[in-house]
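Biologist: Could you walk me through this fold step by step? I am new to reading structures, so please take it slowly.

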Amino acid sequence: MNEPPRLPEGSFAAWSRDRLAVARRGADECGDVWQLEPGVYVAATAGPCEAVLHRAHDFPKAPSPLFPPLKRSSGTPTPEERSHAHAARMRGLRPQAVAARIGEIAPGTARFADQWPTDQDIEILPPVRHALAEIGVSYLYSEDAPTLLPFAAQLFLAREVLVRPSRWAWPRWIPTPARRFRTQQQVAFTDALRPIVHRRRSSGRLGDDVLGQMLQPSPHYGLLPEEAVLDTLPAITVATFETPSRAAGWILLHLARYPEAASRVAAEAALLPADPAATTSAHLDSLHYTDALVREVLRLYPPSWLLTRRAKRQTELADYTINAGSTVLVCPYTAHRDAREHTEPDEFQPERWLEDPDSPTKPGVFLSFGTGPHGCEGAALAMAMLTLLTAQTARRYHLSEPPGPEPGYQVATFEGLATVGLRLRATVRG
């Protein structure tokens, strides 16, 4: 959730013409790591990508969050308090916690499928984003989600404005219109969340959602300060639905393009409970082929296809000596198409994940959610949402693209791979 990389003007112009083609060509022609220009390197294959993401002491994640702590007269939370807030938040996002709440996630995916207008071409990403926002915000805040959902939508809009490509890399202290808008929406979200925190703490009914986990006193660091709770939630609120929405676009497109694969997903999904609220982690675990299809789409089109790290000190990476301050771009898109890790790497083959169920845990093989100390904390939630959304959609519909020589979407690449303007048609499955 950091601001996008600001490459020097020459390299940015080259990448902006066709970033994916440049990245792939660079990986094919230049090897595991290649120098884009002085001080800018690309880790393009599985091994170096895994190494950079795990070596956080050499290549730390950029320290400037998309939603930085708000400036207050009382001061901002200390780094230690922010670290404790992150640990508390993780209690509600770890795989075991997600598995226990599958029955709360599944109904939202079923509603999305139920509400899809049939027999007409529609732009699908907006309703996908709304459905996943309802699920994600509800997972974080339970009964308080309806109050916070409109503010979460504005946070997403602020994020979109802030990461929009620009010719200029303004210093972070300059209050550009996009940054002012971001701060306004962050303040509005915080103002809506604060009375909820007060009510829960005063009543003693903290809840078992992610917010409730953060309000629970810890035996290690006690009770989190209110500001530490408030400041850590805007970014994760947007993250619960923003990246999964990009991924869902690619998944639904593949259901349309590969009807036999969609039929296999539908056959698995037919065994899910008629009442989505009765869905359990055991039902989710039974969706073997659906999980494989989701992973295969995420392999081919990782929503976060380019991750930025900056060398903290001089170090070695592959055949290069990386000087302190240099930028290293980690490219899951090219790493996932490394023929040493995946046979026929450009082909859509969900079966590859069934043949070796342990392959997602092998180094460098699956980086769609990152890896190492700064891997995506919401990976388990995202996979549950996407797998159930895929199953419920294929269970009900055949999907198809509008006819025509050109695809009914555009590929956006700057902040993440997205199918902008994707239009699909749903026909009720017989």
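Biologist: How many bridges pair E1 and strand E2?

Modeller: Keep in mind that this is a predicted model. E2 covers residues 40–43, and one pair to look for is tryptophan 34 with its bridge partner in E2, valine 42. E1 and E2 pair in the antiparallel sense, and the number of bridges is 4.

Biologist: Nice, I found them! In what order do the strands of the open sheet come?

Modeller: The sheet has 4 strands, and its pairing is mixed. Its edge strands, each pairing on one side only, are E1 (33–37) and E4. Neighbouring strands are turned by 30° against each other on average, direction ignored. Reading across, the order is E1-E2-E7-E4.

Biologist: Which helix packs on the sheet?

Modeller: Look for a helix that touches E1, E2, E4 and E7. Its direction makes about 120° with that of E7. This helix spans residues 46–54 and is H3.

Biologist: Let's move to the other edge. In E7, what is the bridge partner of threonine 308?

Modeller: Threonine 308 belongs to strand E4, residues 307–310. E4 runs antiparallel to E7 (residues 327–330), and 4 bridges join the two. Within E7, the partner of threonine 308 is leucine 329.

Biologist: Which residues of E4 make up its covered face?

Modeller: In a regular strand, side chains alternate between the two faces of the sheet. In E4, Thr308 and Arg310 form the uncovered face. The covered face is made by Leu307 and Arg309.

Biologist: Where does Leu307 belong, then: which core has it among its residues, and how many residues does that core hold?

Modeller: Let me begin with the largest nonpolar core, which has 107 residues, and whose best-connected members, by contacts inside it, are Ile105, Trp116 and Leu193. Apart from it lies another core, with Phe59, Leu307, Ile322 and Val328 among its residues. The size of that other core is 15 residues.

Biologist: Which helix gives the largest share of the 107-residue core?

Modeller: One of the core's best-connected residues is Leu193. Leaving aside neighbours within four places in sequence, leucine 193 is in contact with Tyr141, Leu148, Leu211, Leu230 and Leu233. The largest share of the core, 13 residues, comes from a helix spanning residues 233–257, namely H12.

Biologist: Last one: what percentage of the protein chain's residues count as buried?

Modeller: The chain has 430 residues, with 18 helices and 11 strands. Buried here means under 20% relative accessible area. By that cut-off, the buried share is 53%.

Notes: Residues are numbered from 1 along each chain as its sequence is written. This is a predicted model: local features need pLDDT of at least 70, side-chain atom pairs count only at pLDDT 80 or more; totals for chains, interfaces and linings use all residues. Side-chain values use heavy atoms; hydrogens and water are left out. Buried means under 20% relative accessible area, exposed over 50%, partly exposed in between (1.4 Å probe, protein chains only). Two strands pair if DSSP finds at least two bridges between them. Axes are lines fitted to C-alpha atoms, for helices over the stretch in contact, and angles run from 0 to 180 degrees between N-to-C directions. Contact means heavy atoms within 4.5 Å. A nonpolar core is a set of buried Ala, Val, Leu, Ile, Met, Phe, Trp, Tyr and Cys residues joined through side-chain atoms within 4.5 Å.
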